[in-house]
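Got your viewer open? Load the model below, switch to a cartoon view, and let's walk through it stop by stop.

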Amino acid sequence: MSNAELRDRIGSFSFQKCRRGSQGFSRVLLQLFGFLGHGKSSFINTCKYVWEDMGFSNIAQASDDDEGHTMVRITYPLTRTITLVDNRGFCKMGSYETGEIFAQLGNLLPLDTPVEWNEGFGLANRIVEAENLVKVSDFIVPIFLYSAKKGICAEDEDELLELIVTARDLTGVYPIVVLTNKSSEKTTDVTRKFKNLGVERIFALENYTLEDHRKSASKHQEVLRFLYEVIKDVEFQVSQPRNPEEEMTERKTFVLRYIHHNDLKIQFQRKEIKALKEQSLLKEKLKQQKEKYEQIFQEDKRKVEEEIRKLEEEFEAQKLHRQARPSNYIGRPNPANLQSIKIPNQKKRRARLF
Ligand SMILES: Nc1nc2c(ncn2[C@@H]2O[C@H](COP(=O)(O)OP(=O)(O)OP(=O)(O)O)[C@@H](O)[C@H]2O)c(=O)[nH]1
Ligand SMILES: [Mg+2]
C-alpha cells in the first residue's frame, strides 16, 4: 500500500463506519506506556511530524537526556478519531507506581493532569473521584514503548511478561510493542525476546529527535504502517459486540483489585525485609558478643600464662639460689635418709623412767 493510501485509510477511520456501528465508542486512545526515557514523548513527536507533514516540533517535550521527564498525562490528537496519550514513565514493576500505571492505562484517571504516585487508598480514592471525568467512549489501545538499545537481560523478562500480560488482561487488547532506537545492534535480540514473550505485533523504528529530524521515506512509512495496523486491529476488535460502559466497570474492578493485591504484596515484602534486617542485626549482635567473650578469654589466658611464667621464674630463681649455698649447708633432710636416723622408742623411754 502506498503512503497516500495508508494516509487515506488512517485519516478516514471512524467507529460509525465499522460493521456494527460505533457501539458507543468515539475515540481511539493510543496509550503509550513504558519505562523512563525509552522514547514515548519522542514517538509522539514522530507521529505528529509524519502525520501533519509540517516542520519538526518537540510538541511532547521529549527530553534531551535519558532521564524521567513527562509528569503529566497529556493527550495529542492526531486524526479526528485517533489520539495519542503520553503517560508518565516508570522505573520498576511491583512498586506502588505499578497500580498507577494500570490506572493510567485503563483510562481511569483524568487526562491532561499531573500524575502522582500514590500508595494504596490514595490511588483508589482518585479513581473513584475521577469517575465523572473519564470518557467511557474511549477505545484503548496499549502501546508499549521500549528502547532496543537498552537490551533485555534474563532478569527483565519476568517483569516484562507481567507488564504485558496485565496490560492485555486490563484492556482486552494485546499491547503493540514499539521498539525505539532501531539502529541499535540489540534490536534483533530484543525483537526475538518480545516474540518469545508472546507479543505478536512489534514495530521497530528510529524516532525523529531534536538532534536528527531529517525526513526519511522509510521512517515515514514505518509510522504510517504502524498507525494503519492499529486501525485494522481496532476494526477487528469492534467487529465483536462491545459495551464501553461495562468494559470501563471491568477495568475499574480489575485495577482496584490489582492495587489491593499489590498493596498486600508490598506490605508482605516490607515485613519480610524488616524480619531479614532484624535477623541480620541479631546475627551481628551475636557476632559482636562472641568477639567480646573471645577477647575476655584471651585476656584472662594471657594473665594466667603471665602468672605461671612469673612463678616458674621465681622457682628457677629459688633453685639457683639454693644451688649457690655454701657446701657445709646440710639443707633440708632427705626423707630417704631420715629412715637411718634413730628415733628413741617412746615406750621404752617411758618404762625406763618408771
Ligand atoms: N537516537 C534515538 N534517540 C531517541 C529515540 N527515541 C528517543 N530518543 C532519545 O531518548 C531520550 C529520551 O526520549 P523521551 O522521548 O523523552 O523519552 P520518554 O519515554 O518520553 O521519557 P520520560 O517521559 O522521561 O519517561 C531523548 O534524548 C530522545 O532524543 C530513537 O529512536 N533514536
Ligand atoms: Mg516523556
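The tour goes from the whole chain to its core and then to some helices.

A little housekeeping: residues are numbered from 1 along each chain as its sequence is written, and chains are lettered from A and ligands numbered from 1 in the order in which they are written. This is a predicted model, in which local features need pLDDT of at least 70 and side-chain atom pairs count only at pLDDT 80 or more, while totals for chains, interfaces and linings use all residues.

**Whole chain.** Color by secondary structure and you'll find 10 helices and six strands (DSSP runs numbered from the N terminus: H or I of at least four residues for helices, E of at least two for strands). Of the 354 residues, 28% are buried (20 or more other C-beta atoms within 10 Å of the residue's own, with C-beta atoms placed from the backbone).

**The core.** Select L30, L32, V141, I143, V177, V178 and V230: these have the most contacts inside the largest nonpolar core, a set of 62 residues. Such a core is made of buried Ala, Val, Leu, Ile, Met, Phe, Trp, Tyr and Cys residues joined through C-beta atoms within 7 Å. Now pick V178 alone; leaving out residues up to four places away in sequence, V178 touches F43, I143, L145, F203, L205 and F226 (contact means C-beta atoms, placed from the backbone, within 7 Å).

**Helix α2.** Next, select residues 40-52, which form α2. Is this helix enclosed or in the open? Of its 13 residues, 11 are buried, so α2 is largely enclosed by the rest of the structure. Those buried residues pack against β1, β2, β3, β4, β5 and α7. Just after α2 comes D53, with a positive phi near 50°.

**Helix α8.** Jump to residues 244-323: α8 has 80 residues and reaches 116 Å from its first C-alpha to its last, close to the 118 Å expected (1.5 Å times one less than the number of residues). Only six of the 80 are buried, so α8 lies largely in the open. To see the buried ones, select M248, R251, K252, V255, I259 and N262.

**α1 meets α7.** Last stop: show residues 3-11 (α1) and 217-237 (α7), whose axes come within 9 Å and cross at roughly 35° (axes are lines fitted to C-alpha atoms over the stretch in contact, and angles run from 0 to 180 degrees between N-to-C directions). On the α1 side, pick N3, L6, R7, R9 and I10; they meet α7 residues including H220, L224 and Y228.

Key: Two residues are in contact if their C-beta atoms, placed from the backbone, lie within 7 Å. A residue is buried if 20 or more other C-beta atoms lie within 10 Å of its own, exposed if 12 or fewer, and partly exposed in between; C-beta atoms are placed from the backbone.
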